[in-house]
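Work through these short exercises with the sequence and the model at hand. Each task is followed by its solution.

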Amino acid sequence: MSEKKERLRGLIEHWAHHNDEHRDRFLEAAEEAGELGLDEAVAEMKHAAGKADEVSAHLRKALEHLGEG
């Protein structure tokens with residue numbers, strides 16, 4: 001694998017992992033908001049978590065298109 005392609009692969013893997021961490025934190029915050037009765041905020045944070053899942057899926061699909069070599 002070329003150096004540029006390897007660097008790009010590393011970046012995309014990092015972004016996907018980091019994005020997953022954000023999604024998890026969105027869901028934790030949604031739970032906290034739920035405990036406070038902030039239903040609209042809960043819905044929006046869950047929606048954001050779903051969008052984060054979509055982003056991660058696209059990043060992982062990009063990795064597939066990069067191939068192994």
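**Exercise 1.** Decide whether E54 is buried, partly exposed or exposed.

*Solution.* Step one: take the cut-offs, with buried under 20% relative accessible area, exposed over 50% and partly exposed in between (1.4 Å probe, protein chains only). Step two: E54 has a relative accessible area of 41%, so E54 is partly exposed. This is a predicted model: local features need pLDDT of at least 70, side-chain atom pairs count only at pLDDT 80 or more, and totals for chains, interfaces and linings use all residues. Residues are numbered from 1 along each chain as its sequence is written, and side-chain values use heavy atoms, without hydrogens and water.

**Exercise 2.** Find the salt-bridge partner of E54.

*Solution.* A salt bridge needs a side-chain nitrogen of Lys or Arg within 4 Å of a carboxyl oxygen of Asp or Glu. K51 is a partner of E54, with the closest N and O atoms 3.9 Å apart. Both residues lie in helix 2, three residues apart, about one turn of the helix. K51 is partly exposed, at 40% relative accessibility.

**Exercise 3.** Locate the salt bridge between R23 and D53, and describe the burial of each residue.

*Solution.* Their side chains meet at 2.7 Å, N to O. R23 sits in helix 1 and D53 in helix 2, 30 residues apart, so the pair links distant parts of the chain. R23 is buried at 18% relative accessible area. D53 is partly exposed at 36%. Both belong to a network of salt bridges with D20, D24 and R60.

How values were computed. Helices (H or I, at least four residues) and strands (E, at least two) are DSSP runs, numbered from the N terminus.
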